[in-house]
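Colleague: Could you take a close look with me at one part of this model, the larger of its sheets or whichever you prefer, and walk me through how the pieces around it fit together? I would enjoy one connected account.

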Amino acid sequence: MKLRVILDLEGRDAYWQMAIDEALLQLRVRGEVENTLRLYRFKPSAVTIGYFQRVGDAVNLEYIKANSIDFTRRITGGGSVYHDTNGEVTYSIVLPVQGVLTDVLESYRVICSALVYTLRKLGVNAEFAPVNDVVVSGRKISGSAQTRRMGVLLQHGTLMYATNLDVLEKTLVAPREKLASKGVKSIRERVVTLKDIIGEVDVDLLVKTFIEGFKQALNAEIYHDELSEKELRVASESVGKYKSPEWIYKR
């Protein structure tokens with residue numbers, strides 16, 4: 001397949017980033033954009049929660065409000081995520097649901113294999129951990145989430161290369177049962193960054209290797225592009241939703 005790659009690493013706020021991902025999904029459903037991989041960062045740092053989560057069960061609202069941290073709800077499932085401007089690259093990809101991607105678990109395995117490839121190329125023995133994580137020695141370094149509409153999937157996820165884990169632990173809430181199932185007592189014990197493992201990270205090399213990982217995972221022919229006026233216009237129609245209390249606190 002051909003895979004369009006957009007680098008959007010200067011950063012945008014959480015509301016715009018989620019709106020752009022939704023716009024790419026909508027336009028791919030309508031056949032108005034090609035298969036697209038976008039690598040981006042949140043600026044300022046922010047928190048997103050999964051579509052099915054209750055706000056009070058997913059984030060520390062008192063800390064988030066006291067520290068003026070942006071947060072919103074995603075259209076994808078999964079858990080709450082702290083997106084560190086200076087410590088995380090986020091990816092999103094829109095693809096047709098066909099072949100091995102028809103099965104949800106298999107689609108996570110295939111797409112997450114791009115992250116496994118990236119980390120192994122950088123000297124880290126990473127593994128896919130079903131349903132949607134990539135781990136190093138049992139500790140989570142990447143999580144992903146997905147939604148599907150009319151034969152197209154949107155998957156997006158994180159790669160923590162230097163995330164401030166102290167702030168992450170203060171912003172997020174994880175059920176004790178979930179932590180216990182992973183054999184840990186705190187969020188901090190559950191996660192790890194690339195910097196923790198290999199020291200300082202060359203972000204340019206990380207991004208280059210990330211793209212190569214998707215090329216390998218999807219057997220894709222890569223070409224680079226930028227967001228179009230149409231994509232930004234469609235995204236602008238959703239930004240208000242992602243800022244609205246009705247959307248954020250719908251559960």
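Modeller: Happy to; what follows goes through one sheet, the helices beside it, and then a second sheet. Please keep in mind that this is a predicted model.

Let us begin with the order of the strands. The sheet is open and has 8 strands, arranged as β7-β8-β9-β10-β6-β2-β1-β11, with mixed pairing. Its edges are β7 (126–129) and β11 (221–225), each of which pairs on one side only. From one strand to the next, the twist averages 20°. As general background, strands of a sheet pair through backbone hydrogen bonds, either parallel or antiparallel.

Within that order, the run β8, β9, β10 is worth following in detail. Strand β8 (residues 133–136) pairs with strand β9 (residues 139–149) in the antiparallel sense, over 4 bridges. If you want a place to check the register, V135 stands opposite K140 in β9. The two strands form a hairpin with 2 residues between them, and in its turn S137 has a positive phi of about 50°. Moving on from β9, you reach strand β10 (residues 152–160), which is joined to β9 by 6 bridges and runs antiparallel to β9. Here Q146 has Q155 in β10 as its bridge partner. β9 and β10 also make a hairpin with 2 residues between the strands, where M150 takes a positive phi near 45°.

Now for the helix that lies on this sheet. Helix α9 packs on the sheet and touches β1 (2–12), β2 (36–42), β6 (88–96), β10 and β11. The direction of α9 makes about 20° with that of β6.

Helix α9 has a helical partner as well. Helix α4 (residues 104–121) packs with α9 (residues 203–218) at an angle of about 135°, and their axes are 8 Å apart. Since angles over 145 degrees would count as roughly antiparallel and 65 to 115 as roughly perpendicular, α4 and α9 are therefore oblique to each other. Their crossing is right-handed. On the α4 side the contact includes V110, I111, A114, L115 and K121, while on the α9 side L206, F210, E212, F214 and L218 are among the residues involved. By class, the contact of α4 with α9 has 10 nonpolar, 5 polar and 2 charged residues.

The second sheet can be read in the same manner. It is an open sheet of 3 strands in the order β4-β3-β5, with mixed pairing. The edge strands are β4 (70–73) and β5 (81–83), each pairing on one side only. Neighbouring strands are turned by 20° against each other on average, with direction ignored. Strand β3 (residues 46–49) and β5 run antiparallel and are joined by 3 bridges, with V81 in β5 as the bridge partner of T48. Helix α1 (residues 14–29) packs on this sheet, touching β3 and β4, and its direction makes about 30° with that of β4.

One residue of helix α1 deserves a stop: E22. At 4% relative accessibility, E22 counts as buried, because the cut-off for buried is under 20%. Apart from its neighbours within four places in sequence, E22 is in contact with I75, R149, S238, K241 and Y242. One of these contacts leads back to the first sheet, since R149 is in contact with E22 and β9 spans residues 139–149.

Terms used. Residues numbered from 1 in each chain as written. Predicted model: local features only at pLDDT ≥ 70, side-chain atom pairs only at ≥ 80, totals over all residues. Heavy atoms only, no water. Axes fitted to C-alpha atoms, helices over the stretch in contact; angles between N-to-C directions. Parallel < 35°, antiparallel > 145°, perpendicular 65-115°, else oblique. Left-handed = near helix turned anticlockwise from the far one by under 90°. Contact = heavy atoms within 4.5 Å. Nonpolar A, V, L, I, M, F, W, Y, C, P; charged D, E, K, R; others polar. Pairing = 2+ DSSP bridges. Buried < 20%, exposed > 50% of the residue type's maximum accessible area, 1.4 Å probe, protein only.
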